[in-house]
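Trainee: Before I use any label, I want the value and the cut-off behind it. Can we go through them one by one?

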Amino acid sequence: MDLYAIVSSLFAGFVSTAVMTVLEIPFWKRWGLTGILEWHENQILTCKFFRLASNKLHFWGIFLLHFVNGSLGGVGLLLAFSLIPSLKEIPSLSLGLLYGFFLWILTLIPIHKPITGINPWNHPLGKGPAILSLVGHAIYGMSLVTFFTFVITIK
C-alpha cells in the first residue's frame, strides 16, 4: 500500500459517506434523530465524549464521527484488497453490496443498543430505521467500490 492509495481510500470513504448522508437527510426530517441509527449513536457519543447537553443536536459531532468512520471504511476496503487479492474478481456491484452489509453487521448492529438503549430490531419507529441503515450502508459500499474501480489502482 502506498501513500496515494491510503489517501485516496480515505477520500473515497469520505465521498461515499457524503452519498449515504444525502440519502439519510429526508428520513431524518421525517423520523428525527432516532430514526437515523448512525446519527443517533454519534449524537450520544459526542455528548459523552465532550460532556455536552443531550437535549441539543450537535451536528458537528454527529457528522465528524460519521465522516471519520466512513473515511476509515475506505481504508478498510483497501486493506481487504491487500489481504484478500481475490476480492478483485468479484463484480463491483456485488462487492459493494457485500462490503456495505459487512460494515453494517460489524459496526452498527452490535453497538446500537448498548450506545442508544434502543434495539434496532424492536425500534419505536418500526423496521424502517434498520432498513434505511442497511440500504445506506449498501449505497456506501457501492459508491466506495465504484470510486476504487475508477480512481484507485490496487497492485
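What follows is a short exchange on burial, contacts and helix packing.

Mentor: Start with the ground rules. This is a predicted model, where local features need pLDDT of at least 70, side-chain atom pairs count only at pLDDT 80 or more, and totals for chains, interfaces and linings use all residues. Residues are numbered from 1 along each chain as its sequence is written, and side-chain values use heavy atoms, with hydrogens and water left out.

Trainee: Why is Thr17 called buried?

Mentor: Its relative accessibility is 1%. Buried means under 20% relative accessible area, exposed over 50%, and partly exposed in between, with a 1.4 Å probe and protein chains only. Therefore Thr17 counts as buried. Thr17 lies in helix H1, residues 3-31. Helices are DSSP runs of H or I with at least four residues, strands are E runs of at least two, and both are numbered from the N terminus.

Trainee: Which residues does Thr17 touch, beyond those up to four places away in sequence?

Mentor: His66, Phe67, Gly70, Ser71 and Tyr140. Contact here means heavy atoms within 4.5 Å.

Trainee: What makes Leu45 partly exposed?

Mentor: Leu45 has 21% relative accessibility, so it counts as partly exposed. Leu45 sits in helix H2, residues 37-50. Leaving out residues up to four places away, Leu45 touches Leu65 and Ile115. The C-alpha atoms of Leu45 and Thr116 are 9.2 Å apart, with their positions 71 residues apart in sequence.

Trainee: And how do you know that Arg51 is exposed?

Mentor: The value is 78%, so Arg51 counts as exposed. Arg51 lies in the loop between H2 and helix H3 (59-83). Its phi is near 50 degrees, a positive value in a residue other than glycine.

Trainee: Is His123 buried or exposed?

Mentor: Buried, because its relative accessible area is 6%. His123 is in the loop between helix H4 (92-116) and helix H5 (128-150).

Trainee: What makes its pairing with Thr34 a polar contact?

Mentor: The side chain of His123 reaches the backbone oxygen of Thr34 at 2.9 Å. A polar contact is a pair of N or O atoms within 3.5 Å; within protein, one must be able to donate a hydrogen and the other to accept it, and residues adjacent in sequence count only if both atoms are side-chain atoms. The backbone nitrogen of Leu125 also lies 3.0 Å from a polar atom of the His123 side chain. The C-alpha atoms of His123 and Gly35 are separated by 8.7 Å, though 88 residues apart along the chain.

Trainee: Why are H4 and H5 called oblique?

Mentor: They pack at about 130 degrees, with axes 7 Å apart. Axes are lines fitted to C-alpha atoms, for helices over the stretch in contact, and angles run from 0 to 180 degrees between N-to-C directions. Under 35 degrees counts as roughly parallel, over 145 as roughly antiparallel, 65 to 115 as roughly perpendicular, and the rest as oblique. H4 and H5 are therefore oblique to each other. Their contact has 15 nonpolar, eight polar and no charged residues. Ala, Val, Leu, Ile, Met, Phe, Trp, Tyr, Cys and Pro count as nonpolar, Asp, Glu, Lys and Arg as charged, and the others, Gly among them, as polar.

Trainee: What makes H1 roughly antiparallel to H5?

Mentor: H1 and H5 pack at about 150 degrees, with axes 8 Å apart. That angle makes H1 roughly antiparallel to H5. By class, their contact has 15 nonpolar, nine polar and no charged residues.
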